[in-house]
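Reader: Hello! I am new to this structure and would love a close look at a single part of it. Could you walk me through what I should look at?

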Amino acid sequence: MIRIDCFSFFAGLLACFPAIAQEAPDAVQTKPSLSIETIFEGSEFSAQSYSVRWLENDGRPTAFTTLKPSEAYPKFNDIIRHDAATGETQVMVAAAELVPSGESDPLSIDDYAWTADQNLLLIFTNSKRVWRVNSRGDYWLLDRSSRQLRKLGGSEGSESSMMFAKLSPSGKQVTFVRDRNLYVEDLLDDTITPLTFTDSDTIINGTTDWVYEEEFRLRDAFQWSPDGKRIAFWQINTEGVEKFPLVNNTDSLYPRVTWFAYPKAGTRNPICRVGVVSLESKATIWMDLPGDNRDHYVPWIDWMPTESGNDEKTANSSQLLIQQLNRLQNTNKLFIADANSGSTKLLMTETDDAWVDVHDELLWFDSGKQFTWVGERSGWRKICIVDASSGISTWTPPGDLDVIQLLHVDEENKRLYFIASPNNATERYLYGVKFGGDGLKRISPADADGTHSYDIAQDGKFAVHTFSRTGSPPVVDLVSLPTHNSIRVLEENTKARENVAALPSIDTEFFRVTVNDDVQLDAWCMKPASFDPSKTYPLLVYVYGEPAGSTVTNQWGGSTYLWHRMLAERGYVVMSFDNRGAKVPRGREFRKSVYGKIGSIGPKDQADAVRQVLADRPYLDPQRVGIWGWSGGGSSTLHAMFKYPDVYKTGIAVAPVPNQRYYDTIYQERYMGLPQSNVDGYREGSPINFADGLKGDLLIIHGTGDDNCHYQTVEMLIDELVAKNKPFDMMAYPNRSHSIKERKGTKRHLRERMLRFLDEHLK
């Protein structure tokens, strides 16, 4: 997809291209302090995250676990328990306890999960990538009381063949996905029983196909019932969906072709349905959702809590709550489904003239009588509290404020915790508000401008708090809520902070620029360390431009920040703008004004912003303006070079989509509608239709194994540019995916190729 989930890999993958600002012949050049090697291959600036697992306390002190290198096995980890209040630590599971029989080394821990009593530890290891993430691997179980370690999945399963293994609520069983089917393993007698049965390569149970995984982030597609007697799961059937080939030309005498179902905009979708399988009878009841299940999506389900508690005897294991989107994704219906009969009842409906979002911030409280919902009925993204039986909702908080993310319901104090930044869309803070909407208060420190994120404990009394700003690696501490008193620092990233501080002084200026229709866009600017306002400098614009993300945030940007800083050290002025449609907390109108016009409004806003800063800042050379971006940013770069050749002289488009008709249904139709009913919008939004406008220097980079933004569309663009007799540069990386990082030497080669291009054409 063209989204900045791409952002998660932008930080580690986006390329580099320096240029030297020189107008006066006697300009003195200083040697850059950063290089491709130090940014992308070194560890000098690596900032460590701090991942915790909060433990269910059951009346015990609030605590969490972390991974820490073992003294006995330095390359492997112990699991450490931390008492939140006192800071007392103890080794809960030593690496030495994770050495399989007959082996010399412990298991590496890719992920882990506890039972409620913390006696059983489920370990995910030896993981392999499936499309985007490592979701297939091996699972082992440690019984802490008996000190027994055993591998799950049986002897028939091949290595790294299990997905999403989960312990039952009772801790007596584990269920998992293997070869598109669900299985349950009894931990008492080691028997493994299939719960679904298919040998068809088009039917997938318990996990999802390419498009659901990519666009809804839905991979782990099954849930235990609270009583442990049933499992609710998704089934995807890709029969009838056209398949796309990935061709490997380099690893064998003849090409190897991998086919996978990929529904392109306007074409047939996969079938999706939700089933509930009984562990006793092995029978599956299918939920009876209305409408054509090819033209509706089911991106979210959850078992409804019981009003009398969450213990196994009284837990509600007969009702599901299901979100269903129509194909246009402008209507989200919330259904209560009866797991015994499959019948469904509509609880509430959310609609929008543009698109609606999937709500994974649905949190239960009041013994299952109420839950939270986040929507945009008022023109702002607000929290509402919904009665689970009637669907009647109460909206909060008041005012023109976007809730960026709902984090926690503090039921004891009737308080909601959420991330917002009503006065500055580039920053992120923790806010609290009472259930009725009173007492809205910023909880993050008033003197700490930047980005704050929180991992809040179940009881709402503690949180792991991460704070960073541009140019400053994150600091992690444990805080109490709602006071936000810092209890102790957990990670200072001292080495990275010292190394950044030792670099030449380059500040990032945040500002706003006014474009057409008096719209103000957030922006940032980096200037060379030795900036001289009497000279002129080349301007390089970093762009994304799609509704799935933004580029202008006041936070530590890792290698992306360092890359742009390196360019500034070498003499560039680097800027970025968040055009209308960016995923920012500036109200519904700003975000959704681009509906049906992706590739039209955004590129115009970007070009208008560049024209304005050229007029406002005489030190920018209008003859040396470049632009670059990856994925959606690659598409935006093509629009810039083709539609605004008077503005941009040089561009690098990495992994773009030149024709929107060739991208997937869920993403493209969400923002553009169906191509059959928005012919002009799809034409205007596809840069291939404007290739004749190219005048400047263009470099296109793509991986031939890109399953997301297909190399096919780049070949079509090449054909069009050749037909128009337009010179351009091209670099194709065989078998590389959308991130273009696989195989030896790829990252360095990619970045050096980009560096040489800008050095030649923009310097």
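Author: Happy to! Let's begin with Asn 126, which is found in strand 6. Please keep in mind that this is a predicted model. The phi angle of Asn 126 is near 55°, a positive value in a residue other than glycine. With a relative accessibility of 24%, Asn 126 counts as partly exposed, because buried means under 20% and exposed means over 50%.

Strand 6 covers residues 120–130, and the loop between strand 6 and strand 7 (133–143) holds Trp 131. This tryptophan is a good place to go next. The ring of Trp 131 pairs with the ring of Phe 260: their centres are 4.8 Å apart and their planes stand at 50°, so the pair is tilted. Phe 260 belongs to strand 17 (residues 256–261), and the pair links distant parts of the chain, 129 residues apart. How exposed or buried is Trp 131? Its relative accessibility is 27%, so Trp 131 counts as partly exposed. Phe 260, by contrast, counts as buried, because its relative accessibility is 6%.

A second ring pair is formed by Phe 244 and Tyr 262, with centres 6.4 Å apart and planes at 50°, so this pair is tilted too. Phe 244 lies in strand 16, while Tyr 262 lies in the loop between strand 17 and strand 18, so the pair ties together parts that are 18 residues apart in sequence. Phe 244 has 11% relative accessibility and therefore counts as buried. Tyr 262 has 2% relative accessibility, so Tyr 262 counts as buried as well.

Which residues do the ring pairs join into a cluster? They link Trp 131, Trp 210, Phe 244, Phe 260 and Tyr 262. The structure as a whole holds 26 aromatic pairs.

From here we can follow two of the elements further. Strand 16 (243–248), where Phe 244 lies, is among the elements that we meet again in the largest nonpolar core. That core has 46 residues, and those with the most contacts inside it are Tyr 212, Trp 234, Val 298, Leu 320 and Ile 322. Elements giving two or more residues to this core include helix 3 (210–216), strand 16 (243–248), strand 18 (271–278), strand 21 (319–326) and helix 9 (665–672). The core draws at least three residues from each of domain 2 (195–360) and domain 4 (502–762).

To see the core from one residue, look at Leu 320. Leaving aside residues up to four places away in sequence, Leu 320 touches Ala 232, Val 274, Val 276, Met 287, Asp 302, Trp 303, Met 304, Phe 335, Ile 336 and Ala 337. There is also a second, separate core of 44 residues, which includes Val 625, Phe 690, Leu 698 and Leu 717.

Helix 3 leads us back to the backbone angle we started with. In the loop between helix 3 and strand 14 (222–224) lies Arg 217. Phi of Arg 217 is near 55°, a positive value in a residue other than glycine. Arg 217 has 29% relative accessibility, so Arg 217 counts as partly exposed.

One more backbone feature may interest you: a cis peptide bond joins Leu 481 and Pro 482, with omega about 10°. Pro 482 is found in the loop between strand 34 (472–480) and strand 35 (486–491).

Note on methods
Residues numbered from 1 in each chain as written. Predicted model: local features only at pLDDT ≥ 70, side-chain atom pairs only at ≥ 80, totals over all residues. Heavy atoms only, no water. Core = buried A, V, L, I, M, F, W, Y, C linked by side-chain atoms within 4.5 Å. Buried < 20%, exposed > 50% of the residue type's maximum accessible area, 1.4 Å probe, protein only. Helix = DSSP H or I, 4+ residues; strand = E, 2+ residues; numbered from the N terminus. Domains from an automatic or database assignment. Contact = heavy atoms within 4.5 Å. Phe/Tyr/Trp six-rings, centres within 6.5 Å; stacked < 30°, edge-to-face > 60°.
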